[in-house]
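The following exercises invite the reader to examine a protein model step by step. Each task is followed by its worked solution.

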Amino acid sequence: MQFLSRRRRNRANSSIAGQPPADNGGAKPGPSAKSPSGKDAALSLEDLTTDPFELCCPVTLDLFKEPVIASDGFTYEKEAIETIIARQGCSPNTREVLSGQLFPNKPKKAEVDEYRVNRASACLDAAVQYTMTGNYIAANQLMERTVSLNGGNATIYLRWISLLESMSWHAKALVVRFFLADEYSKQDRPEAAIKVYEDLLEAYSNPQPTKLPTILFNSGFEKYELDTPGNLQCVMLRPIMLHVLIADKLLPLLKN
């Protein structure tokens, strides 16, 4: 793994014992993290699917979830820097020995959270526009991006299912239907969740083998990040296998 090694002038000079060192940011400067407006509102697909460098961990290269400032003055994803400290103890930026003290970077967390909300909204709006122009692949990519940025909700999942069905990506739509039912359950809407599962039982009532995504049968698949349809592995199985999975989800709802 390659790490960014560029140092910044205000690194640890302002560090005081027992106080967090000056934040030197997560990575090199990049595109603005602020929500677009005016002429910037019409972001390209590349812009919408690329995150600003300053909001990403220099180790994982992903958006911060729990940013912390280490003793070298740089901001990292907490889990990533804890792993580095435990294994080698040296800063990936300066190579100095890290003290092990980590301080929450609350301003960075707030900035990332705001960015997630704004960018997810922009991606959803763009997905609608791409759908209207017939660019379903780009629309699907942006729906995935919307969910990965700020989580999903019933409205988003319903739109996504409609889009996937219009593209005949039935296997992927099947997985998103499970996400939809799970979301209804979280919202304490058992009747809506039951309806989703009952519709699936009816849709897959034919006893002949059909193509089913393998991730449905993996434990904890609800947390699985859906990949592109070409990489969504499927197998030919009899629908009874799906019925068993649905029954496992449906029975607790019916008991309540």
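**Exercise 1.** Identify the residues with the most contacts inside the largest nonpolar core, and the helix that supplies its largest share.

*Solution.* Step 1: the largest nonpolar core holds 62 residues, and Trp-160, Leu-174, Phe-178, Tyr-197 and Leu-242 have the most contacts inside it. Such a core is a set of buried Ala, Val, Leu, Ile, Met, Phe, Trp, Tyr and Cys residues joined through side-chain atoms within 4.5 Å, where buried means under 20% relative accessible area (1.4 Å probe, protein chains only). Step 2: H6 provides ten residues, the largest share of this core; helices are DSSP runs of H or I with at least four residues, numbered from the N terminus.

The model is predicted: local features need pLDDT of at least 70, side-chain atom pairs count only at pLDDT 80 or more, and totals for chains, interfaces and linings use all residues. Residues are numbered from 1 along each chain as its sequence is written, and side-chain values use heavy atoms, leaving out hydrogens and water.

**Exercise 2.** Determine how helix H6 and helix H8 are oriented to each other.

*Solution.* Step 1: the axes of H6 (residues 170-186) and H8 (residues 239-255), lines fitted to C-alpha atoms over the stretch in contact, come within 12 Å and cross at roughly 10°. Step 2: angles run from 0 to 180 degrees between N-to-C directions, and those under 35 degrees count as roughly parallel. H6 and H8 are therefore roughly parallel to each other.

**Exercise 3.** State which residues Leu-174 contacts beyond its neighbours within four places in sequence.

*Solution.* With contact meaning heavy atoms within 4.5 Å, Leu-174 touches Leu-200, Tyr-204, Leu-212, Pro-213, Leu-216 and Leu-242.

**Exercise 4.** Give the share of buried residues in the protein.

*Solution.* Of the 256 residues, 40% are buried.

Key
Helix = DSSP H or I, 4+ residues; strand = E, 2+ residues; numbered from the N terminus. Parallel < 35°, antiparallel > 145°, perpendicular 65-115°, else oblique. Buried < 20%, exposed > 50% of the residue type's maximum accessible area, 1.4 Å probe, protein only.
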